[in-house]
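Look over the model below before reading on. The text starts with the whole chain and then turns to one of its sheets.

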Amino acid sequence: MNVVGIDIGGTNFRIGLVDDSQNVLKLEKVPVKTVFNSDDPLLDLSNKIIEFTKEEKYGAIAIGFPATMNVDRTRVVQAPNIAFMENLPVCEVLEKKLNVPVVAERDVTFALSYDMHKYELPNEGIICGIYYGTGIGNAICINGVPLTGQHGCAGEIGHIPVFGSTEVCGCGNVGCLEAEAGGKALAKIQKEDYPETSIGDMFTKHANDKKVKNIVELMVNAVATEVNILDPAYVLLGGGVFKMKDFPIEMFNEFIRQKVRKPLPLNELKIIYADDEIDKSVVGASIYARNKLKI
Ligand SMILES: [Zn+2]
């Protein structure tokens, strides 16, 4: 049975039709503002799904959001980049309209579902995914079940506080890790301190400069914090910042060695540097939906 996987990002909207074997039969990527252009985002979304699927048959829809979600995973709670989706009954409305089960999740959980499948990781134990894009996304899977927490907001490592920081985060708090260590922080340094360097050359030209090094160290603080609390079986690391030209992976690994508790879990720590495939989010959506709905 085919699944429609959807990834609603701050900039791009991806939609794909994925078969039983996780082959992408059809994929579309468009600017998010071309999809949501009326005052009824759920009508816009269902119209887009109908337009994309046309006569194709599918048995479920899975939608990923860059957001915190309610514990039942039926509504977006807070999404600074797509605030128009907040508090709407997404699953309920789409299920009625399109007559198939609709599941929604944080986009990072779909990324982790994809990576666990791709790297054939076992369901047993704790598996963490940390993805460095504009912000820092985090998903935690325990014995095959994504950790949601009491209110749906577990796994927000990007929002742990950084001592002394005065940066305002997209979530509204001051001094969150992702305001100091995500792609947005790198872009800010580029703009303020290195206007002559393109963002793509930041690591090539300035990896050893204090402020850039500080970003790499703070990126590792996310890993070390999570590993020292959870002692996971595997840690998956990915996202656009890792894929930037000349990302200083040796420096990153040296900070890992400095900050993770010794001798264990450091000596046995299993880190996988995950790729960033273009269809990752929609295939991850399909894998997640099949596991959850048992289809
Ligand atoms: Zn924050």
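What follows is a short walk through the structure, from overall measures to individual strands.

The model is predicted. Its chain holds ten helices and twelve strands. Along the principal axes, the C-alpha atoms fill a box of roughly 55 × 45 × 35 Å. How does the radius of gyration bear on the overall form? A compact globule of 295 residues would have a radius of gyration near 19 Å, and the chain has 19 Å, so the value agrees with that expectation.

Burial and contacts add to this picture. Of the 295 residues in the chain, 51% are buried, meaning that their relative accessible area is under 20%. The accessible surface of the chain comes to about 13,900 Å², and carbon and sulfur atoms account for 51% of that surface. Contacts can also be sorted by separation along the sequence: among those between residues at least 6 apart, 61% join residues at least 24 apart.

Now turn to the sheet. Five strands make up an open sheet with mixed pairing, in the order β10-β9-β8-β11-β12. The edge strands are β10, residues 145–146, and β12, residues 271–273, and each of them pairs on one side only.

At the β10 edge, the partner is β9, which covers residues 136–142. These two strands run antiparallel and are joined over two bridges. Ile142 stands opposite Val145 in β10.

A helix also packs on this sheet: α8, residues 210–230. Helix α8 touches β8 (126–132), β9 and β11 (234–238). The direction of α8 makes about 170° with that of β8.

Notes
Residues numbered from 1 in each chain as written. Predicted model: local features only at pLDDT ≥ 70, side-chain atom pairs only at ≥ 80, totals over all residues. Heavy atoms only, no water. Pairing = 2+ DSSP bridges. Helix = DSSP H or I, 4+ residues; strand = E, 2+ residues; numbered from the N terminus. Contact = heavy atoms within 4.5 Å. Axes fitted to C-alpha atoms, helices over the stretch in contact; angles between N-to-C directions. Rg over C-alpha atoms; globule rule 2.2 N^0.38 Å. Buried < 20%, exposed > 50% of the residue type's maximum accessible area, 1.4 Å probe, protein only. Areas by Shrake-Rupley, 256 points an atom, 1.4 Å probe, with all protein chains shown as cover.
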